[in-house]
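Hi there,

Here is the structure I promised to pass on. Have a look at it first, and then read my notes below.

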Amino acid sequence: MRNRARSALALYGPIPVLVLLAAGWARGTVPPASVVRATEIAVGCSKCSWCLNGHEAPPGSDQNGIHDYCIPLADCNGHGPCSPESPIGLLETQVMELVDQFVDSGDEEALYRMLSDFPEKAVLNLERRAVQITGCDGELVAHLPLEHSVLDRAVSASLLQFD
Amino acid sequence: MMPCACSRGRDVSTIALLVFPVVVATGTDSALEATARITQCKDCTITATSVVSLGPADGPGAFASRPYSAALDARGRYYVVTPETVNETPLVFNSNGTFLRRLGRAGEGPGEYRAPSVILATRDDSIVIVDDRLARITVLSPDYSLVRTIPVPPNITSAAYLQDGSFIVNAPIRTSASIGLPLHRLSPDGRLINSFGAHTAVALPREVARIVRWFFVTDEEKVWVVPYAHEYAVELWETGGTRLKRFLRTPDWYRPYARYGTPTPERAPAPRLLGIWQDSLGYVWVIGHLPDPRWREALGSPITAEGQRYFPIRDQQLAYDGFVEVMDPDRGIPFAYRRLPQTLDLVVRPGIVGGVRERADGSLYLEIIRLGLANP
């Protein structure tokens, strides 16, 4: 019992409230327990975090039972692979790079490219005046509010696509 | 004359009493009332009294992992959950810290739990338990018999039970209508009524901490809210989704920051907030973590994963100090502040907080601390 407590505190204590939350972001995006063993520990659910997602630890390990951890790392940038061969990751890399460009530098061209090149991933939600991005698991992973003028231009750019 | 907001007495431990300017204060302007409240307690100091410790070093009441949530009922019983270890059921302790029993058993049927992550004691001593893995809430009667089980969204970080049987929860709901909004009102049967709690709702995969909130629901069902990370902003919301007040604090010890990351030898642990409540006299209390001056000593050997170095914190108490701040609810003017050498990690109920501690043998316990105001 003591070892279990120490292990959890030492390894996962830094960000206690994030563990469950982050695990939820990753849930469904990591390989099944039969593929990844808890002893491997560094299972990337994205480039910015490690996850142990519902894996049964082997007997004798000091991580007894099933664990569900995810540790966001420093300078987390959210990139992650997303393919049938590597079903780990929240968002396709190309889409994520466009999201980063738009968020970090306000590059509207990146927004337009998101909408035009990845229409199945990036959509405008006019009611919430935002662009919303669907992740690898088919659920929304990002929501970026747009200023009125940016939204107007994005709508115009989207309409031009259909002309 | 206003009623005195302070208990009488003197706390002889280290006390820092500071009055800060308000940087941004919007919402209802009750300047006279605010001034009166502060004048009433302008010399108040914050007292912190250790009440009891929960969690023996070994045996059936020992914590298998870190406590995330604790509650105290009117009978003086404490309830604790440790969700990092699956199949650990809620623990019950008496007011002296003696372990009494567990609630339910491991499993997925009625009255069973996989990873209880939030626990509440209601006014009538019912017990409300959020199970993260099963994505459901279990309500128990005061004698711990099962009342109902309600399906809820997964990944609930904090929750409140309202008088009409509905709930407010903090969770990342990933639908087009709710994504980015931190708070959600759920009907008594778990249906989403509405989402609220952010003027500019942003959700990004790289910013998992941005959605986390701690909150307190007043008798009038208004909601005081603070974010876990990024900024020290105290807000008051109506459950319908209208923001009534916002007080942005930017003291030297808590500057807003863009990204939440783990510490490195070059970067101190980020300050963060861990709870909020409003006391019976109206004062708003906030607790949180600040980097301990010795934080570098807390870092363990680096581990490399996917090209990045991660420094596990080997000792939470070396990494963080705790802090408490008390402010006027009308204008958000803080009038009492105290920094503590040990962490304050969770709110048990208004005025009662918990700090997770590690013994020399590695076992964990929860120190229950009563916070108050003393007027010398």
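**Helices and a small sheet in chain A**

Right after helix 3 of chain A comes G106(A), with a positive phi near 65°. Helices here are DSSP runs of H or I with at least four residues, strands are runs of E with at least two, and both are numbered from the N terminus. Before I go on: this is a predicted model, in which local features need pLDDT of at least 70 and side-chain atom pairs count only at pLDDT 80 or more, while totals for chains, interfaces and linings use all residues. Residues are numbered from 1 along each chain as its sequence is written, chains are lettered from A and ligands numbered from 1 in the order in which they are written, and side-chain values use heavy atoms, with hydrogens and water left out.

Back to helix 3 of chain A, residues 93-105. Its 13 residues should span 18 Å at 1.5 Å a residue, and the end C-alpha atoms are indeed 18 Å apart; the expected span is 1.5 Å times one less than the number of residues. Its buried residues are V95(A), M96(A), L98(A), V99(A), D100(A) and F102(A). Buried means under 20% relative accessible area, exposed over 50% and partly exposed in between, with a 1.4 Å probe and protein chains only.

Chain A also has an open, antiparallel sheet of three strands in the order 4-5-6. Strand 4 (122-125) and strand 6 (140-145) are its edges, each pairing on one side only. Two strands pair if DSSP finds at least two bridges between them; strands 4 and 5 of chain A have four, and one partnership is A122(A) with I133(A). Helix 4 (residues 108-117) of chain A lies across strands 4 and 5 of chain A, at about 105° to strand 4. For that, contact means heavy atoms within 4.5 Å, and axes are lines fitted to C-alpha atoms, for helices over the stretch in contact, with angles from 0 to 180 degrees between N-to-C directions.

**Salt bridges**

There are 21 salt bridges over all chains, each a side-chain nitrogen of Lys or Arg within 4 Å of a carboxyl oxygen of Asp or Glu. In one of them, E108(A) meets R153(A) at 2.7 Å, N to O. This pair links helix 4 to helix 5 (residues 148-162) of chain A, 45 residues apart. R153(A) is partly exposed, at 39% relative accessible area.

In chain B, E235(B) and R246(B) come within 2.6 Å by their closest N and O atoms. E235(B) sits in strand 20 and R246(B) in strand 21 of chain B, so the pair ties together parts 11 residues apart in sequence. Both residues are buried, and they belong to a salt-bridge network with E231(B) and R243(B).

**Aromatic pairs**

The structure holds 15 aromatic pairs over all chains. Rings of Phe, Tyr and Trp (its six-membered ring) pair if their centres lie within 6.5 Å; planes under 30 degrees apart count as stacked, over 60 as edge-to-face and the rest as tilted. With ring centres 5.8 Å apart and planes at 55°, Y232(B) and Y254(B) are therefore a tilted pair. Y232(B) is buried at 0% relative accessibility, and Y254(B) is buried at 0% too. Both belong to one aromatic cluster with W253(B), Y257(B), F323(B) and Y337(B).

Enjoy exploring it!
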